[in-house]
Amino acid sequence: MAEYSISQLGKFENCPLQYRLIYVDGIKREEEGVEAFLGQRFHEAMEWLYRERAFRIVPLEELLAYYEKRWAEKWHDEVKIAKKERTADDYRLMGRRFIEDYYKRHHPFDEGRVLALEKYIRFPLAEGTRYKCKGIIDRLVQASDGAFEVHDYKTGASLPEQADLDKDRQLGLYQIGVQTLWPEAKEVRLIWHMAAFDLEMRSRRTSEALEGLRKDIAGLIDRIEAEQEFAPNESTLCNWCPYWDLCPLKKHLVKLEALPENRWKDEPGVAIVDAYAEQWRKKRALETEVKAVEVELGELKDAAIAFAEKEGVQVIGGTDARLRVTGKERIVSPAKGSDEREALERELRLAGVWDEVATLDTSALEKAVTEGRWTGDLLERIKDYIRAERRYTVSLSEN
Ligand code: SF4
């Protein structure tokens, strides 16, 4: 049975295709965002600081030198900086500032007894369940009042709201893990160190909240295990995704980037899109013109009706054309969704004539089947009349 970490579950929610590439196909990539690289160096510095703390207090300059050394040792060509205006040095210096701030705030690092550092934990989501979880606790501490504290370092650039942390799944799950693995942990505090803001934020979980979290995670694992399609989901996170060459939303763009500029136009995909874009723009210009003509025709129609009524005529002559104005009574039904519409439908059903005026709503039928609302007997009975068919839509976005 697979074990799931919170980041793994989050990957599935963000993009099922990226999840499949990493965790099902096992395709590894060296590429990483500079933000993640910085985060790892910060974590390493903190781990070293607290390991050494068992023997001595590392001076700030020595800690910074350790950070700089690890930064230089670990830096590689596949570290990507998504913000074009920023350099690797900007991020390195930012990490230094995070460490300096943390050091000053927490010196002499004697808040509680450190129980574990970068602790890898594996545990069932609940007793006797088939759902298995795992994670790495940055620092596990026992406070002077006996409570267990789960400390987590965050180096991200956006400050979460307290309400977000009160619902945070990662540390909530770690609390479940801690209380499973160390039953003496009756009270657990969840603590985040927001390095970019020199801020410490805290949260606690009630047993009801943990029960809700267990249910959510079990539901998500069920979804992952039932997933067949693993469709790509485009979002801003694509900027940090190292799988563009395998993603149907991005791989043609990767191919084009590799081509020399003078070879672009020869590429068959480029030729199709350029021709499509030209015709699409032409169509858009014509549609704008048609709309303006329709407005003018509408005004002239009103004028013709008014003229025909005033003059008592049905045909109006022009220089080289005639206009026939025909008036006809028609039945207007109340709008869909209105109370009147519902009342009318009720009357028709009561009178037993509903079948004479009702038609099958094929969109509603498709929705019911694809969303899995109908199963079993009904689906079995209608399945000979419906079939799955791949339909394509083509939409243009201009750069
Ligand atoms: S590029 Fe975006 S859509 Fe494609 S796999 Fe990566 S995250 Fe998913």
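Which residues are around the ligand? Good morning, colleagues. The model before us is a predicted one, and I begin with that question. The ligand is surrounded by Cys 15, Leu 17, Pro 232, Asn 233, Cys 238, Cys 241, Trp 244, Cys 247, Leu 249 and Lys 250. By character, this shell divides into 8 nonpolar residues, 1 polar residue and 1 charged residue.

I turn next to the interior. The largest nonpolar core has 35 residues, and those touching the most other members are Leu 9, Val 150, Leu 173, Val 178 and Ile 217. Two or more residues of this core come from each of α1 (6–14), β4 (113–124), β5 (132–142), β6 (148–154), α7, β7 (188–194) and α8 (207–226). The greatest contribution is that of α8, with 7 residues. Ile 217 may serve as an illustration: leaving aside neighbours within four places in sequence, Ile 217 is in contact with Ile 6, Leu 9, Leu 125, Cys 133 and Leu 173. Another core, of 26 residues, lies apart from this one, and its members include Phe 37, Leu 38, Leu 117 and Tyr 153. As general background, nonpolar side chains in soluble globular proteins tend to be buried together.

I now come to the charged residues. In the whole structure, a search finds 43 salt bridges. In one of them, Glu 68 pairs with Arg 96, with the closest N and O atoms 2.8 Å apart. Glu 68 belongs to helix α4 (residues 60–74) and Arg 96 to helix α5 (residues 88–106), so that this pair, 28 residues apart, links distant parts of the chain. Arg 96 itself is partly exposed, at a relative accessible area of 22%.

A further salt bridge joins Arg 189 and Asp 145, whose closest N and O atoms are 3.0 Å apart. Because Arg 189 lies in strand β7 and Asp 145 in the loop between β5 and β6, the pair ties together parts that are 44 residues apart in sequence. Arg 189 is buried, with a relative accessible area of 11%.

Arg 391 and Glu 389 also meet through their side chains in a salt bridge, at 3.6 Å from N to O. Here Arg 391 is exposed, at 64% relative accessible area, while Glu 389 is partly exposed, at 47%. Elsewhere, shared partners join Arg 41, Glu 44, Lys 69, Arg 70 and Glu 73 into one network of salt bridges.

I close with Asp 168, in the loop between α6 (162–166) and α7 (169–181). Asp 168 is buried yet has no salt bridge, and the nearest side chain of opposite charge, that of Arg 205, is 5.0 Å away. Not counting residues up to four places away in sequence, Asp 168 touches Trp 192 and Arg 205. Thank you.

Conventions
Residues numbered from 1 in each chain as written. Predicted model: local features only at pLDDT ≥ 70, side-chain atom pairs only at ≥ 80, totals over all residues. Heavy atoms only, no water. Near = heavy atom within 4 Å. Nonpolar A, V, L, I, M, F, W, Y, C, P; charged D, E, K, R; others polar. Helix = DSSP H or I, 4+ residues; strand = E, 2+ residues; numbered from the N terminus. Buried < 20%, exposed > 50% of the residue type's maximum accessible area, 1.4 Å probe, protein only. Lys, Arg positive; Asp, Glu negative; His and termini not counted. Salt bridge = Lys/Arg side-chain N within 4 Å of Asp/Glu carboxyl O. Contact = heavy atoms within 4.5 Å. Core = buried A, V, L, I, M, F, W, Y, C linked by side-chain atoms within 4.5 Å.
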